[in-house]
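Work through the exercises below with the model open. Each task is followed by a solution in steps.

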Amino acid sequence: MSAPPHRRAVRSTRPAARPRVRIHARVRATRAAAPVPGVAVTERISRSRSTFILAWFMMAAMWALALSVLVAAWLIVRQRRGIVWPALGWLAATLFALVGMRNAAPGNPPIGSLLDYAAFFWAELLVAVGLTMVVVRGARVEGGHKDKG
């Protein structure tokens, strides 16, 4: 007959910059008749709710920044404004600010995490496309080339 299962909850004590991680372990002894008697451990690791809220907020903010840059770039291109230096500075600053924002994610996740595929890579792509559109159109307008269409 096996021993009754035991439950233990462990909370990590990391520095304040790291999120809290809850580890729930369930330990039970295996049957003595088993080929190799021992202990089976089942673990479940979860992050705190505030960590999830911050990560979702960061993803929403990345999408908001990317879409606002894309709308601004579209307006500049559509109105044939040429090279608008303050706008170019804002677009380029947003491109590099997204990297810093991603590195400030809770727990400093490795490249390829859900945050990257859900928001970061797409936001970088949209900002880079918007910046490129403004530069190409601005160079054509400032250079005196006529557009087709």
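Buried means under 20% relative accessible area, exposed over 50%, and partly exposed in between (1.4 Å probe, protein chains only). The model is predicted: local features need pLDDT of at least 70, side-chain atom pairs count only at pLDDT 80 or more, and totals for chains, interfaces and linings use all residues. Residues are numbered from 1 along each chain as its sequence is written, and side-chain values use heavy atoms, with hydrogens and water left out.

**Exercise 1. The overall layout**

Task: State how many helices and strands the protein chain has, and what share of its residues is buried.

Solution:
- Step 1. Take the elements from DSSP runs, numbered from the N terminus: helices are H or I with at least four residues, strands are E with at least two.
- Step 2. Count them: three helices and three strands.
- Step 3. Read along the sequence; the pattern is β-β-β-α-α-α.
- Step 4. Turn to burial: 27% of the 149 residues are buried.

**Exercise 2. The salt bridge**

Task: Find which side chains meet in a salt bridge, and where they sit.

Solution:
- Step 1. Apply the test: a side-chain nitrogen of Lys or Arg within 4 Å of a carboxyl oxygen of Asp or Glu.
- Step 2. Search the whole structure; one salt bridge turns up.
- Step 3. Name the partners: Arg 102 and Asp 116, at 2.8 Å from N to O.
- Step 4. Place them: Arg 102 is in helix H2 (residues 85-103) and Asp 116 in helix H3, 14 residues apart.
- Step 5. Check burial: Arg 102 and Asp 116 are both buried.

Side chains of opposite charge can pair when their charged atoms come close.

**Exercise 3. The nonpolar patch**

Task: Identify which helices supply the nonpolar patch on the surface.

Solution:
- Step 1. Set the rule: patch residues have over 30% relative accessible area and no salt bridge; like charges are joined within 9 Å, nonpolar side chains (Val, Leu, Ile, Met, Phe, Trp, Tyr) within 5 Å.
- Step 2. Compute areas by the Shrake-Rupley method with a 1.4 Å probe; for residues, only the protein chains shown count as cover.
- Step 3. List the members: Trp 63, Leu 67, Val 71, Trp 74, Leu 75, Trp 122, Leu 125, Val 129 and Met 133, with about 820 Å² of accessible area together.
- Step 4. Assign them: helix H1 (49-78) and helix H3 (114-143) each supply at least two. The largest share, five residues, comes from H1.
- Step 5. Inspect one member. Leu 75 is in helix H1. Leu 75 is partly exposed, because its relative accessible area is 33%.

**Exercise 4. Positive phi in the loops**

Task: Locate Arg 80 and Asn 108, and say how exposed each is.

Solution:
- Step 1. Recall the background: most residues other than glycine have a negative phi.
- Step 2. Take Arg 80. Its phi is positive, near 50°. Arg 80 lies in the loop between H1 and H2. At 45% relative accessible area, Arg 80 is partly exposed.
- Step 3. Take Asn 108. Its phi is positive too, about 45°. Asn 108 lies in the loop between H2 and H3. At 47% relative accessible area, Asn 108 is partly exposed.

**Exercise 5. A contact far along the sequence**

Task: Find how far apart Glu 142 and Ile 83 are in sequence and in space.

Solution:
- Step 1. Place Glu 142: helix H3.
- Step 2. Classify Glu 142: exposed, because its relative accessible area is 52%.
- Step 3. Compare the separations: 59 residues in sequence, 6.9 Å in space, C-alpha to C-alpha.
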